[in-house]
Amino acid sequence: GTPQKYDPTFKGPIYDRGCTDIICCILLVIAIVGYVVVGVVAWTHGDPRKVIYPTDSRGQFCGQQGTPNEYVSRLAPIAHCRLGIAGETITLGCCTPRLRDGQLALPICVSKCPDRYQTYLSAYGSRTPSELEYYRQFCVPEFKNLQKAPIEVLKDKECPAMIIPSTPLARRCFPAIRAKKGVIMVGNETTYDDGRGRRRNVTELLEGAKKANVVLETRQLAMKIFEDYTVSWYWIIIGLVIAMVASFIFIVLLRFLAGIMVWVMIVMVILVLGYGIFHCYMEYAKLKGEAGSDVSLKDLGFQTDLRVYLHLRQTWLAFMIILCIVEVVIILLLIFLRKRILIAIALIKEASRAVGHIMMSLLFPLCTFFLLCLCIAYWASTAVFLSTSNEAIYKVFNESACQFSGQTCKPETFNTSNVTKLCPDAQCLFAFYGGETAYHKYLIVLQFFNVFMFFWLANFVIALGQVTLAGAFASYYWAFKKPDDMPAFPLFSAFGRALRYHTGSLAFGSLILAIVQVIRVTLEYLDHRLKAADNKFAKFLLSCLKCCFWCLEKFIKFLNRNAYIMIAVYGTNFCTSARNAFFLLMRNIIRVAVLDKVTDFLFFLGKLLIVGSVGILAFFFFTQRIKLVQDTAPPLNYYWVPILTVIVGSYLIAHGFFSVYGMCVDTLFLCFLEDLERNDGSAEKPYFMSPDLKKLLKKTNKGQPDA
């Protein structure tokens, strides 16, 4: 590309600018309107109760106010089904009636789960009103005649043949299976009466209830974790505040210690490599004269036990040669790139000054975080409403042969239809949620649109934050007398310019990134579906595509980031800004590589230092190893719960601070490169860079004192 030329009217971020990429702005507005329409349609047709509340065999919710089952909030099977209790009620939403062992499992709503073994025959035979009345709550609501013959009751499927002890979970009843000394038990029994005169082993319930037990154990774990949070939440907040203060202090210290930290880092790398060379030489010398140590790698061939290679002198010689080459390369790079490393250090110091003059920039990520939370909330709620937009589908179920079995039916007209005449034992029961209308056919398209819009809006919010920060920090760099020539509110001014003039450009850049991300999600979905397949070529091709699109996403993020900086400074459209930024970086590729790696490593050290320090402090506190506050630490079920929370929270806080700092460094770097191309230090074309950078580059502003 052509280097930038001097422009006497350019004094930093251009205020007299026009709207850019208007077509993309219009597309974004139309897409948002369409997204709102999709949300309204989903909220009109959807019903989240299908996820929250279980559904009985008639399609009615259990425990939902305003329904016939308002006071019966749990789901249980009505007929004997060996695996029906767990197999049918484990899934959220609905329970599909199925034939198991010749019996039809019909879920009903009950007020509480069974707490005992009992058969209908034993309850009826006891002639104790309380026993039969207890059993009646697990029968269909229409069952009132307690004097009806048991054989007729079971034939009409009005009551289950047997009940077993169950545990409530997520409004559903699961077999209370537990292991005692290696013996599987339900309640306190190892066998049960199936209601038909046969004794069965409880292990027959195990396969169907396997997932239920996992869920039960997960619930117990979740309850303990919740208890830990209730007694340690304020200490967790204190830990996060400490992480915030530490992050702020680290950024302030970078202004004064950036040079020392970089050089210490470089020296440590050289020393580590030097020790590696020394260790390899000692191992090489120690193996001299040992039997089998002089065998060559070629003669040994490939061995699955890699430890065999460590007993060969040739292995350690190869390691020593590789480390020597790396050491020499690093030393040569330091010799030839020492000036560029000094420039990187100076820019890092300058970034600390810029952040110090625009302190509000450290709080701006909270605004981005809030907008991202809105995007996530809207996407999640729309996805739930879309997934629950299906209608209740009823089908014909029967135990004997019937030509209408499995066909769709309507409960309102089923009793008067020909089906009941031809198949007397047939029933019209709730099967699943679905639909045959055009809306239901295109639900998958609406879900895809929902995912796409989430990526687009989320990337747009991130882009808005980057342009705002870039505009604020650019106004600092291009102020000749810092900070006197800076605008009064640089952050708010940059935010206003971004929204007023460059919504289209931000939409353009985020749209490109969203398309690539949606393709990546689709590839991940296909990869998940192909895991069971045995097509190696398809798997290889898919892996290659995933790798390529991962690289493409990283490149687009890098290009977008620098394009947004140029948009914030010059007010040009997205394509022009991306092209100018790319060519500017390519003209200074060595400086870019050095600065990028130096700053990345510094930020990594900063995050590691903050997260590690706060994490170690949290570990010693919550494990009661600090004697001064030993009695203050709360009693916990799992001490790792608050520790991990503090560590993850500290990382997010540190990442938020360093993301601002990273954007500042990138913005100042691009402005610095522009400054070098536009100006020459004369009275007509003075440099805008700081005195430290001018001194480092041996540049001066002739005839003017340094700011």
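1. Start with Ser-475. Apart from neighbours within four places in sequence, Ser-475 is in contact with Pro-13, Met-486, Pro-487 and Pro-490. Ser-475 belongs to helix H14. Its relative accessibility is 6%, so Ser-475 counts as buried, the cut-off being under 20%. Please keep in mind that this is a predicted model.

2. Next, the helix that holds Ser-475. Helix H14 covers residues 443–477, which is 35 residues. How far apart should its ends be at 1.5 Å a residue? The expected span is 51 Å, and the end C-alpha atoms are 51 Å apart, so the two values agree. As for surroundings, 27 of the 35 residues of H14 are buried, and therefore the helix is largely enclosed by the rest of the structure.

3. Ser-296 is a serine in a loop, the one between helix H7 (203–286) and helix H8 (297–300). Is Ser-296 buried or exposed? With a relative accessible area of 17%, Ser-296 is buried, because that value is under 20%. From Ser-296 to Leu-312 the distance is 7.6 Å, C-alpha to C-alpha, while the two residues are 16 residues apart in sequence.

4. Asp-21 deserves a look at its backbone. This residue lies in the segment before H1. Its phi is near 50 degrees, a positive value in a residue other than glycine. Most residues other than glycine have a negative phi. Asp-21 is also buried, with a relative accessible area of 18%.

5. Confidence should be read region by region. The chain has a mean pLDDT of 78, and 81% of its residues reach 70 or more. Which helix has the lowest confidence, and which the highest? Helix H3 (residues 84–89) is lowest, at a mean of 30, and helix H1 (residues 22–45) is highest, at 93. Over residues 77–104 the pLDDT is below 50, although this stretch has 101 contacts in the model beyond near neighbours in sequence. Where pLDDT is low, the predicted coordinates should not be read in detail.

6. Last, the chain as a whole. There are 21 helices and 15 strands in the chain. Of its 707 residues, 44% are buried. Among contacts with a separation of 6 or more, 71% are between residues 24 or more positions apart. The exposed area of the chain is about 37,100 Å², and carbon and sulfur atoms supply 66% of it.

Technical notes. Residues are numbered from 1 along each chain as its sequence is written. This is a predicted model: local features need pLDDT of at least 70, side-chain atom pairs count only at pLDDT 80 or more; totals for chains, interfaces and linings use all residues. Side-chain values use heavy atoms; hydrogens and water are left out. Helices (H or I, at least four residues) and strands (E, at least two) are DSSP runs, numbered from the N terminus. The expected span of a helix is 1.5 Å times one less than its number of residues. Buried means under 20% relative accessible area, exposed over 50%, partly exposed in between (1.4 Å probe, protein chains only). pLDDT is the predictor's confidence in each residue, from 0 to 100. Contact means heavy atoms within 4.5 Å. Accessible areas come from the Shrake-Rupley method with a 1.4 Å probe; for residues, only the protein chains shown count as cover.
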